[in-house]
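Let's take a friendly walk through a protein chain together. Keep the picture beside you as you read, and look for each part as it is named.

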Amino acid sequence: MTPTAPGNGTTRQRLVVALGGNALLRRGEPLTADIQREHAAAAMTAVAELAQTYDVVLTHGNGPQVGLLALQALAYPDVPPYPLDVLGAESEGMIGYVLEQELQNRLPGRSAVTVLTQVVVDADDPAFRTPTKPIGPVYTEEQARILERERGWVIAPDGDHFRRVVASPEPLRIVEISAIRMLVDAGAIVVCTGGGGIPVTMNGAGTLRGVEAVIDKDLAGELLARSLDADVLLMLTDVDAVMRDWGTQEARPIRRTTAAELRGMRFANGSMGPKVAAACRFVEATGGTAAIGSLDDATRIVTGAAGTLVAPAGPGRHA
């Protein structure tokens, strides 16, 4: 059931907000706690404003943070480096703590709760054979090739730089979804599925085991929104809208569209591609609305005054 708005008895729409990496760290910035805290404070100001009207569930990226934790682990050679699932859990706790605290500072009296979230993937997913997910800081090509040789990393171009890439399997099921739903139904703002969640496999007996991977946060956010029967999936990033003919002189924003129209276009795999794919999946599966745009325009995007709205082609919940 969807909770009612405090004090007025009206039903609130359920909104899953997926924060891009720019919510805590912008490209090229030092990975310091102070800088991330500063960005988190600004991001939570926008989320707190949304929480006045909507029933908000919050998820976030963790690429720079999990990459930093991996580098720090390598600095202590007396024990083997911790695997990516453990580092993902560490980053969920670290980022969740900051976001939760900044939310509570802006919404006194409201409960904000971070849930470490395991997400089941298929052990035979072909993504394990072809790593594509960038994590950690950017490097020059010379630095990247040295790290590739010394540490056995898979390295790939990322814009004008290079980054480490790891496996990014398809998210199938959220282990803690019942607990998340109970918290949301009770009126809490839940921070969960951070960084795409902690990747785990499950055998026939139901035994869980972590795996070396980082799940795409946008696809995991779509799974979260669908699993919670959310009305809107809002993906906030560092661009104003999905652009038609991106990278050309004819580039222009797409303000309102359908999943069918978007599926007929091509978008970069490492940036807008996963967001568009997640938006299309959510709209097609639920009849709800997906939206993509800049963190600075969060409240305006939901109303259609900014960003890109992806709505059902025919009659839907929020056409």
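Start with a pair of facing residues: Pro-134 stands opposite Val-165, which lies in strand β7. What you are looking at is a predicted model. Pro-134 and Val-165 give us a way into the strands around β7. Strand β5 (residues 133-139) and β7 run antiparallel and are joined by four bridges. Strand β6 (residues 154-158) also runs antiparallel to β7, and here five bridges join the two. Within that pairing, Pro-157 stands opposite Phe-162 of β7.

How many residues lie between β6 and β7 in their hairpin? There are two, and Gly-159 in the turn has a positive phi of about 70 degrees. Strand β7 itself (residues 161-166) is mostly covered, with five of its six residues buried. As general background, the strands of a sheet pair through backbone hydrogen bonds, and they may run parallel or antiparallel.

Now move on to another sheet. This one is open and has eight strands in the order β3-β9-β2-β1-β12-β16-β17-β15, with mixed pairing. Its edge strands are β3 (112-115) and β15 (256-257), each of which pairs on one side only. At the β3 edge, four bridges connect β3 with strand β9 (residues 189-192), and these two run parallel. To find this pairing on screen, look for Thr-114, which stands opposite Val-191 in β9.

Strand β16 of that sheet leads us to a glycine. Gly-288 sits in the loop between α8 (272-286) and β16 (289-294). Is Gly-288 buried or exposed? Its relative accessibility is 0%, so Gly-288 counts as buried. You can also use Gly-288 to get a feeling for distances: Gly-136 is 152 residues away from Gly-288 in sequence, and their C-alpha atoms are 34 Å apart in space.

Next, turn to the helices, beginning with α6. Helix α6 (residues 217-227) is mostly covered, as nine of its eleven residues are buried. Among them are Leu-219, Leu-223 and Leu-224, but also charged-type names you can look up in the sequence, including Lys-217 and Asp-218. At the N-terminal end of α6, Asp-216 acts as a cap: one of its side-chain oxygens lies 3.0 Å from the backbone nitrogen of Asp-218. After the helix comes Asp-229, with a positive phi near 55 degrees.

Helix α6 also holds a salt bridge. Glu-222 is joined to Arg-226, and their closest N and O atoms are 2.8 Å apart. An α-helix has 3.6 residues a turn, so residues three or four places apart point the same way. Glu-222 and Arg-226 are four residues apart in α6, so about one helical turn separates them. The two partners differ in how they are covered: Glu-222 is buried, with a relative accessible area of 0%, whereas Arg-226 is partly exposed, at 33%.

How many salt bridges does a search of the whole structure find? The search finds 15. One of these pairs is Glu-102 with Arg-37, whose closest N and O atoms are 2.9 Å apart. This pair links distant parts of the chain, since Glu-102 belongs to helix α3 (residues 84-106) and Arg-37 to helix α1 (residues 33-51), 65 residues apart. Glu-102 counts as buried because its relative accessibility is 8%, while Arg-37 is partly exposed, with a relative accessible area of 23%.

Glu-102 has another partner as well. Its side chain meets that of Arg-106 in a salt bridge, 2.7 Å from N to O. Being four residues apart in helix α3, Glu-102 and Arg-106 are separated by about one helical turn. Arg-106 counts as partly exposed, with 29% relative accessibility. Elsewhere, Arg-14, Asp-55 and Asp-185 are linked in a network of salt bridges.

Stay with helix α3 for our last stop, as Val-86 is found there too. Val-86 is partly exposed, with a relative accessible area of 31%. Together with Tyr-76, Val-79 and Tyr-82, Val-86 makes a nonpolar surface patch of about 370 Å².

Key: Residues numbered from 1 in each chain as written. Predicted model: local features only at pLDDT ≥ 70, side-chain atom pairs only at ≥ 80, totals over all residues. Heavy atoms only, no water. Buried < 20%, exposed > 50% of the residue type's maximum accessible area, 1.4 Å probe, protein only. Polar contact = N/O pair within 3.5 Å; in protein donor to acceptor, adjacent residues only side chain to side chain. Salt bridge = Lys/Arg side-chain N within 4 Å of Asp/Glu carboxyl O. Pairing = 2+ DSSP bridges. Patch = residues over 30% accessible without salt bridge, like charges linked within 9 Å, V, L, I, M, F, W, Y side chains within 5 Å. Areas by Shrake-Rupley, 256 points an atom, 1.4 Å probe, with all protein chains shown as cover.
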